[in-house]
Amino acid sequence: MDLQKHAQQPDAAPRTAELRASDADRDRIADLLREALAEGRLTADEHAERVEGVLAAKTVGELDVFVQDLPVAHQRRAAHAAVPSRPTAGAIPVDPDDNVVAVFSAAVRKGRRRIGRRIHAYAVFGSVEIDLSEALFDHQQVVIKAFAVFGSVEVRVPENVSLRGMGGGVLGNFETDTLDAADPEAPVVYVDGWAVLGSVEARPRRGKIVADILDTVQRKVDRSVRRHLGH
């Protein structure tokens, strides 16, 4: 099979497939190919050909082509469907780890910092921005409880977590872009609450990933590449 040519016609959803691939994306696929080689699903020549294609791939869709005929691709799809629409009972505390309040003002939480399991956001004639695209996740499930009254709450998450919405609007707009992480162990961010004559929006920030989620994979890939190159 001419993988380089076939990679121009990925079967992934257009919105995801057209995203530019990061080094972490390439490393993740390379690690899956290494495991397939170890399991005897690929010959040494097939593995080398696919790794070469992975290094040259420019989009997520092109990368997915190199594992689409392997069981791991179907396992990832099943993992997506398995992400529950609500957090596990008892996993989230009642009291928030952080309160973000904007009353006739603006409040922002962003940057490289550790986040707790529960965040409350209140925007009353004001605006709140919660940007988790560079956050450090210590917990697998995180709930953001957002209340917007004549105001707005904007939530942004990295691309390699799952995102679910549980809230609603009363003469307002409560909108969450559902996001499924490729890694079944990746954090899940649940956005709950109400938009009353206001807006709550939760979306992934394209091109942003949480690097520490893939630290272990990165180390394994580095060791695999060194062994493959004979170093």
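The following questions and answers concern the fold and surface of a predicted model.

Q: How many helices and strands are there in the chain?
A: The secondary structure of the predicted chain includes both helices and strands. The count is seven helices and 13 strands.

Q: What percentage of the contacts with a separation of 6 or more is due to residues 24 or more positions apart?
A: The chain has 231 residues, of which 43% are buried. Among contacts in the chain with a separation of 6 or more, those between residues 24 or more positions apart account for 71%.

Q: What share of the area exposed by the chain do carbon and sulfur atoms supply?
A: The chain exposes about 12,000 Å². Of this area, carbon and sulfur atoms supply 51%.

Q: Is Glu52 buried or exposed?
A: Glu52 lies in helix H4, which spans residues 44–56. Together with Asp45, Glu46 and Glu49, Glu52 forms a negative surface patch. Its relative accessible area is 57%, and the cut-off for the upper class is over 50%. Glu52 is therefore exposed.

Q: Where does Leu171 lie?
A: Leu171 belongs to a nonpolar patch on the surface, whose members include Val170, Trp194 and Leu197. Because its relative accessibility is 71%, Leu171 counts as exposed. Its place in the chain is the loop between strand S10 (168–170) and strand S11 (173–176).

Q: What accessible area do the residues of the nonpolar patch have together?
A: The patch is formed by Val101, Val103, Phe104, Phe125, Val149, Phe150, Val170, Leu171, Trp194 and Leu197. Together these residues have an accessible area of about 990 Å².

Note on methods. Residues are numbered from 1 along each chain as its sequence is written. This is a predicted model: local features need pLDDT of at least 70, side-chain atom pairs count only at pLDDT 80 or more; totals for chains, interfaces and linings use all residues. Side-chain values use heavy atoms; hydrogens and water are left out. Helices (H or I, at least four residues) and strands (E, at least two) are DSSP runs, numbered from the N terminus. Buried means under 20% relative accessible area, exposed over 50%, partly exposed in between (1.4 Å probe, protein chains only). Contact means heavy atoms within 4.5 Å. Accessible areas come from the Shrake-Rupley method with a 1.4 Å probe; for residues, only the protein chains shown count as cover. Patches are made of residues with over 30% relative accessible area and no salt bridge: like charges are joined within 9 Å, nonpolar side chains (Val, Leu, Ile, Met, Phe, Trp, Tyr) within 5 Å. A salt bridge is a side-chain nitrogen of Lys or Arg within 4 Å of a carboxyl oxygen of Asp or Glu. Lys and Arg count as positive and Asp and Glu as negative; His and the chain ends are not counted. The place of a charge is taken as NZ of Lys, CZ of Arg, CG of Asp or CD of Glu.
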